[in-house]
Each structure stands twice: as C-alpha cells, then as structure tokens.
Amino acid sequence: MVKKDATEEKRARLITLAQEAPDDVLCKELKKALASGSNIVAAQAAHIARAKGLTQMESELADAFTRFMEKPVQRDGGCIAKLAIVEALRALEVEADRVFLAGVRHVQMEPTWGMPEDTAGALRGACGQALAQTNYPDALFELAGLLMDPEPPARRAAIQAVAYVGGTEGELLLRMKALAGDPDPDIMGDCLAALMRLEPARSLEFVAARMDSEEPAIAEAAAIALGESHREDAFALLRARWESCVDAESRRMLLLPLALMRSEESIAFLLEIIREANKFIAAGAISVLGACYLDELKKDILDAIRERSEREVKDAFEAAFND
C-alpha cells in the first residue's frame with residue numbers, strides 16, 4: 001500500500017475544513033498551517049484565507065511571510081508561500097506595507113541545471129500592485145524600478161500598477177517605459193494599451209507613432225491599443241495608415257485593430273475591404289470579424305462576398321461561421 005504524502009494530506013484537510021468548518025475553527029487550523037514549516041501547506045492556508053475573506057488572519061499571514069523570507073530558497077522554493085500570502089493580503093485589502101516593501105525588493109536566485117534563476121519576479125510584481133492598491137505614498141518610486149525589472153512578470157505587473165495609480169506621474173512613467181522599450185512585445189503592448197486607457201486624447205499621437213516601429217510585433221501592439229480605445233480619432237489614424245500602406249502584410253496587421261474598434265465606421269470599412277480587397281486580405285477581414293462579432297455580422301459578410309468566387313474567401317467564411 002502506497003503511503004500518502006504528509007504534506008498533501010495536510011493540504012487536503014485544509015480544503016475539507018474550508019468547506020465544512022465554521023470560521024473560528026477554520027481560523028485556528030489556518031494559523032497552525034501558516035506557522036508550519038511547509039510552504040505548500042502555508043500557501044494553501046493563504047489561498048483559503050483569501051477565498052473566505054478572513055481579514056482577521058492579517059497578522060498571521062504577515063508573520064508567516066517574514067518567516068519564509070528567512071533562508072527563502074530552502075524554506076520556500078519558487079516563492080510559493082510568499083506569493084500566496086501577498087495575494088491573500090492584497091485581496092483582503094489590508095495595509096501590510098512591511099510585507100509588500102520587503103517583497104517588491106526580494107530577489108531569490110535558485111539553482112537550476114544551468115545558471116541560477118530568479119524565482120521572485122511574480123512576487124515583486126504582486127507586491128508592486130499591492131503598494132499601488134493600498135495607496136502607499138511612495139508606490140511610484142518602487143514601481144519605477146520594477147518597470148525595468150529583469151523578469152517579465154514583474155514588468156507586466158508594474159505597468160498595471162502604474163496605470164492604477166494614474167495621474168500625470170503615472171502617465172510619464174509609462175511613456176518613459178514605452179520609449180525605453182522592452183524585449184517582450186506583449187509587455188510593450190500592455191504599456192501602450194495602459195496609456196490609451198489612462199490618457200487617451202494625449203496618448204493618441206504618441207501611441208500611433210509606435211506603428212512606425214521596425215519591429216512588427218510592436219507596430220501591431222500599437223495598432224491594437226488604438227483599436228481597443230474605440231475612439232473615432234483612433235479609427236481615423238488606423239484608416240489613414242491602411243491607405244498609406246503599400247504591402248499586404250502591413251495591411252493584414254491592421255485588420256484586427258480595425259475589428260476591435262467596434263464602431264459602425266470600422267465595420268463598414270472592413271465590409272468594404274471584404275468586397276474589394278484581394279482574396280487574402282478579404283479572407284483575413286472575414287476571419288477577424290467572425291472572431292470579434294460571431295453571428296452578429298454573418299448576413300452582412302455574406303452579402304459582401306456574394307459577388308466573389310475565390311476559394312480562399314469562401315473557406316474563410318465557412319471557418320468563421322460554420323465550424
């Protein structure tokens with residue numbers, strides 16, 4: 001008979017208690033779990049405290065975080081417990097600045113088959129977001145460094161946190177990040193989208209200029225940020241870009257942003273593309289409209305392709321609406 005893992009048994013017991021026991025009994029068990037040496041059990045306790053909204057667990061959560069910061073690689077490999085605790089404290093909306101400040105600066109290098117790896121990127125990001133959400137006075141000072149963090153999860157979280165803080169200072173930080181660039185195009189996309197949400201009118205030309213990037217992924221991210229803004233002036237910029245493009249690939253990149261605009265003008269423009277553009281561009285327009293609107297535009301698209309006989313166009317319609 002295979003012996004059950006003790007850690008897994010403790011974790012499973014906590015899950016059962018969370019479903020059955022009253023809060024006072026549950027809190028007593030969660031305190032024991034947080035004080036245990038198992039990061040997996042402590043993480044489960046933090047998840048339960050978060051899900052149950054147990055704000056009375058604030059002190060025990062913070063104390064457990066401090067313990068797992070001591071000899072962190074041995075006690076909490078992968079930052080499993082520390083991250084779960086920070087996420088619980090964030091969700092409980094408590095001001096645990098000493099925890100968040102310690103976490104936002106924590107680097108945890110762990111051995112791998114190759115070079116040691118920092119496993120605390122997500123933790124730093126979560127702590128940065130927590131400082132923003134609890135209105136910590138110097139949150140932007142911490143987030144400024146986090147925007148240039150070596151780890152992508154920290155940078156992505158920092159962008160979201162800066163956008164949450166907002167204001168002119170937040171807008172300027174996001175602009176500086178966009179100007180500095182990022183090796184991850186998705187993070188650049190997050191930054192440009194955040195600017196369009198934070199200050200759409202003032203950011204319009206700045207974001208549109210990124211469509212001139214030599215990196216196609218960044219140019220596309222800028223176009224998508226414009227499309228997601230749903231602004232008439234953003235549509236005008238996308239349409240002007242379409243008309244100035246001379247190659248099919250650049251035009252194909254603009255199809256999704258135009259569909260994301262979700263305006264009468266953008267839909268009419270895409271239907272015109274379906275009627276008149278070459279078969280590959282028309283097929284792409286059908287695909288993005290099908291993905292964004294499902295059956296809502298089926299009849300309009302069918303009307304637009306009525307005079308077309310190309311197999312690529314027909315196949316795109318079948319794939320979008322009849323799969």
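Colleague: Where does Pro150 lie?

Modeller: Pro150 lies in the loop between H9 and H10. The model is predicted. With a relative accessible area of 67%, Pro150 is exposed. Its C-alpha atom is 16 Å in space from that of Cys191, and the two residues are 41 apart in sequence.

Colleague: How should I read the packing of two helices, starting with H8 and H9?

Modeller: One begins with the distance and the angle between the axes. The axes of H8 and H9 come within 9 Å and cross at roughly 155°. Angles over 145 degrees count as roughly antiparallel, and H8 is therefore roughly antiparallel to H9. The crossing in which H8 passes H9 is left-handed.

Colleague: Which residues of H8 and H9 make the contact?

Modeller: On H8 they are Arg124, Gly125, Gly128, Leu131 and Ala132; on H9 they are Ala139, Glu142, Leu143 and Leu146. Sorted by class, this contact has five nonpolar, two polar and two charged residues.

Colleague: Is Glu142 buried or exposed?

Modeller: Glu142 counts as buried, because its relative accessibility is 17% and the cut-off for buried is under 20%. The residue lies in helix H9, which spans residues 139-146. Leaving aside residues up to four places away in sequence, Glu142 touches Leu101, Val104, Arg105 and Leu131. Leu131 also appears among the H8 residues in the contact with H9.

Colleague: At what angle do the axes of H10 and H11 cross?

Modeller: Helix H10 covers residues 152-165 and helix H11 covers residues 167-180; their axes cross at roughly 150° and come within 7 Å. H10 and H11 are therefore roughly antiparallel to each other. Their crossing is left-handed. H10 contributes Arg155, Ile159, Val162, Ala163 and Val165 to the contact, while H11 contributes Gly167, Gly170, Leu173, Leu174 and Lys177. In terms of class, the contact of H10 with H11 has six nonpolar, two polar and two charged residues.

Colleague: What should I look for in the backbone torsions of the loops?

Modeller: The sign of phi is a useful starting point. Most residues other than glycine have a negative phi. Asn135 has a positive value, with phi near 60°. This residue is found in the loop between helix H8 (121-133) and H9. Asn135 is exposed, its relative accessible area being 62%.

Colleague: What is the phi of Arg262, and where is this residue found?

Modeller: Phi of Arg262 is near 55°, which is again a positive value in a residue other than glycine. Arg262 is found in the loop between helix H16 (248-261) and helix H17 (264-276). At 43% relative accessibility, Arg262 counts as partly exposed.

Colleague: Which residues does His230 touch, apart from those up to four places away in sequence?

Modeller: His230 touches Leu260, Met261 and Arg262. Its own place is in the loop between helix H14 (216-228) and helix H15 (232-244). His230 is partly exposed, with a relative accessible area of 46%. The C-alpha atoms of His230 and Ser263 are separated by 7.0 Å, although these residues are 33 apart along the chain.

Colleague: How do I read the surroundings of a residue within a helix, such as Arg241?

Modeller: One may compare its separation in sequence with its separation in space. Arg241 is found in helix H15. Arg241 and Arg251 are ten residues apart in sequence, and their C-alpha atoms are 8.4 Å apart in space. Not counting residues up to four places away in sequence, Arg241 touches Ala208, Met211, Asp212 and Leu254.

Colleague: How many disulfides does a search of the whole structure find?

Modeller: The general idea is simple. A disulfide is a covalent bond between the sulfur atoms of two cysteines. A search of the whole structure finds zero disulfides.

Colleague: Why does the sulfur of Cys245 not form such a bond?

Modeller: The closest cysteine sulfur, in Cys292, is 19 Å from the sulfur of Cys245, which is too far for a bond. The cut-off for a disulfide is a sulfur pair within 2.5 Å. Cys245 counts as buried, because its relative accessibility is 13%.

Colleague: Is Cys27 buried or exposed?

Modeller: Cys27 counts as buried, because its relative accessibility is 7%.

Notes. Residues numbered from 1 in each chain as written. Predicted model: local features only at pLDDT ≥ 70, side-chain atom pairs only at ≥ 80, totals over all residues. Heavy atoms only, no water. Helix = DSSP H or I, 4+ residues; strand = E, 2+ residues; numbered from the N terminus. Buried < 20%, exposed > 50% of the residue type's maximum accessible area, 1.4 Å probe, protein only. Contact = heavy atoms within 4.5 Å. Axes fitted to C-alpha atoms, helices over the stretch in contact; angles between N-to-C directions. Parallel < 35°, antiparallel > 145°, perpendicular 65-115°, else oblique. Left-handed = near helix turned anticlockwise from the far one by under 90°. Nonpolar A, V, L, I, M, F, W, Y, C, P; charged D, E, K, R; others polar.
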